[in-house]
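User: I'd like a close look at just one part of this one: the inside, and how things pack there. Could you walk me through it in one go, informally?

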Amino acid sequence: MSRNLFLRIVDAIKDHYMYFEQRIDALGRFGLSTLQKITAVFRMLAYGLPADATDEYVKIGESTTIESMKRFCRAIVEVFGERYLRSPTPNDVARLLHIGEQRGFTGMLGSLDCMHWKWKNCPTAWAGQYAGHSGSPTIILEAVADYDLWIWHAYFGLPGTNNDINVLESSHLFSNLASGPSHFWRKEVLHDIMTTCIILHNMIIEDERDLNAPIQDAVEAPTPTIEMVIDENLRFEQFLARHKKIKDKNVHFELRNALIEHLWEQPNNFEN
């Protein structure tokens, strides 16, 4: 992360949340500065450090570090979530399809995968539900990233005993088409931490992105023509039809085979 981006985040969080402002006590002594609190949080997020490991470096107590972590993650979601967790716009979709076409993957928007995040302090009563193939309790993150690693979709929270197909069935990825340092106890806090990591990741990608790269040529999406459906019965029938089409195995195999044939027809594939 660049210095300018870090300071931009610091200023935004300080303006949004009074907790991060440096205050003076009744004796006139200065309290912890904004940089001390946010630096401690960044060290925990970046290196997976426990809260008491930041004391020597930034002179901040364990309880204050934990509280700063919780408030920082909530503030990041509130301040930057709308921009950095947004769904692709029609122009974004057109650009990604254009890039996919250039790279030989017609119709591709991004890559989908799941990862397991170890939950060290998982309650004992939940350990069996969350312990997957690794033997330790984990929580699953499903994400879709494009060619430059911008994350367009994230779904976090399912127990580690699920496989990728179960996660995909449970996530809102297709339903929308039809319609570290994990040392904490509460899933709500873990969700904010994971969401914060995704937002910070996208902010770094945006900050380091080469805007002059030729593959970034703007591609305008055609203006969509949408016919509004007022009849609720018809709307529900269309929902079922879209849902059935998404789940159709025959369509999946046809698209897969068509993609394989398309890739073999590309001259560059034979040369490589």
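Analyst: One cut-off before we start: a residue counts as buried when its relative accessible area is under 20%, and as exposed when that value is over 50%. Keep in mind, too, that this is a predicted model.

Let's begin with a charged residue. Is Glu142 buried or exposed? Its relative accessibility is 1%, which is under the 20% limit, so Glu142 counts as buried. You'll find Glu142 in strand S2, which runs over residues 138-145. What does its side chain pair up with? Ser171: the two side chains make a polar contact of 2.9 Å. Setting aside residues up to four places away in sequence, Glu142 also touches Leu112, Asp113 and Cys114, then His153, Ala154 and Tyr155, and finally Val167, Leu168 and Leu173, along with Ser171 itself.

Now for the greasy part. The largest nonpolar core has 43 residues, and the members that touch the most others are Ile9, Ile13, Ile38, Phe72, Ile76 and Met203. Which elements feed it? At least two residues each come from helix H1 (3-16), H2, helix H4 (62-84), S2, strand S3 (151-159) and H9. H9 has the largest share of this core, with nine residues. A separate core of five residues lies apart from that one, and Cys114, Ile140, Tyr155 and Val167 are among its members. Three of those names should ring a bell, since Glu142 touches Cys114, Tyr155 and Val167.

Back to Phe72. Leaving out residues up to four places away in sequence, Phe72 touches Ile9, Ile13, Phe20, Ile38, Val41, Phe42, Leu45 and Thr196. That last partner, Thr196, sits in helix H9. With a relative accessible area of 0%, Thr196 is buried. Besides Phe72, Thr196 is in contact with Leu45, Cys73, Ile76 and Val77, again ignoring neighbours within four places in sequence.

Some of these residues also turn up around an opening. Phe42 and Leu45, both partners of Phe72, help line the second largest pocket, whose volume is about 260 Å³. The other lining residues are Phe6, Thr39, Arg43, Ala46, Tyr47, Tyr57, Cys197, Leu200 and His201. Helix H2 (34-47) and helix H9 (187-208) each give at least two residues to that lining, and H2 gives the most, with six. By type, the lining splits into eight nonpolar residues, two polar and one charged.

Further along H9 comes Ile205. Its relative accessible area is 15%, so Ile205 counts as buried too. Outside its own stretch of sequence, meaning beyond four places, Ile205 touches Asp148, Leu149 and Trp150. Where does Leu149 sit? In the loop between S2 and S3, and its phi is near 75 degrees, positive in a residue that isn't glycine. That is worth a second glance because most residues other than glycine have a negative phi.

Lys59 does something along those lines: it isn't a glycine either, and its phi is positive at about 55 degrees. Lys59 belongs to the loop between helix H3 (55-58) and H4. Is Lys59 buried or exposed? At 59% relative accessibility, it counts as exposed, whereas Glu142, at 1%, counts as buried.

Technical notes. Residues are numbered from 1 along each chain as its sequence is written. This is a predicted model: local features need pLDDT of at least 70, side-chain atom pairs count only at pLDDT 80 or more; totals for chains, interfaces and linings use all residues. Side-chain values use heavy atoms; hydrogens and water are left out. Helices (H or I, at least four residues) and strands (E, at least two) are DSSP runs, numbered from the N terminus. Buried means under 20% relative accessible area, exposed over 50%, partly exposed in between (1.4 Å probe, protein chains only). A polar contact is a pair of N or O atoms within 3.5 Å; within protein, one must be able to donate a hydrogen and the other to accept it, and residues adjacent in sequence count only if both atoms are side-chain atoms. Contact means heavy atoms within 4.5 Å. On a 1 Å grid over the protein atoms alone, a cavity is a set of points where a 1.4 Å probe fits but cannot get out, and a pocket is an open set with protein on both sides within 12 Å along at least five of seven lines; lining residues have an atom within 4 Å of a point. Grid points are joined across faces, edges and corners, and a volume is the space filled by probe spheres set on the points. Ala, Val, Leu, Ile, Met, Phe, Trp, Tyr, Cys and Pro count as nonpolar, Asp, Glu, Lys and Arg as charged, and the others, Gly among them, as polar. A nonpolar core is a set of buried Ala, Val, Leu, Ile, Met, Phe, Trp, Tyr and Cys residues joined through side-chain atoms within 4.5 Å.
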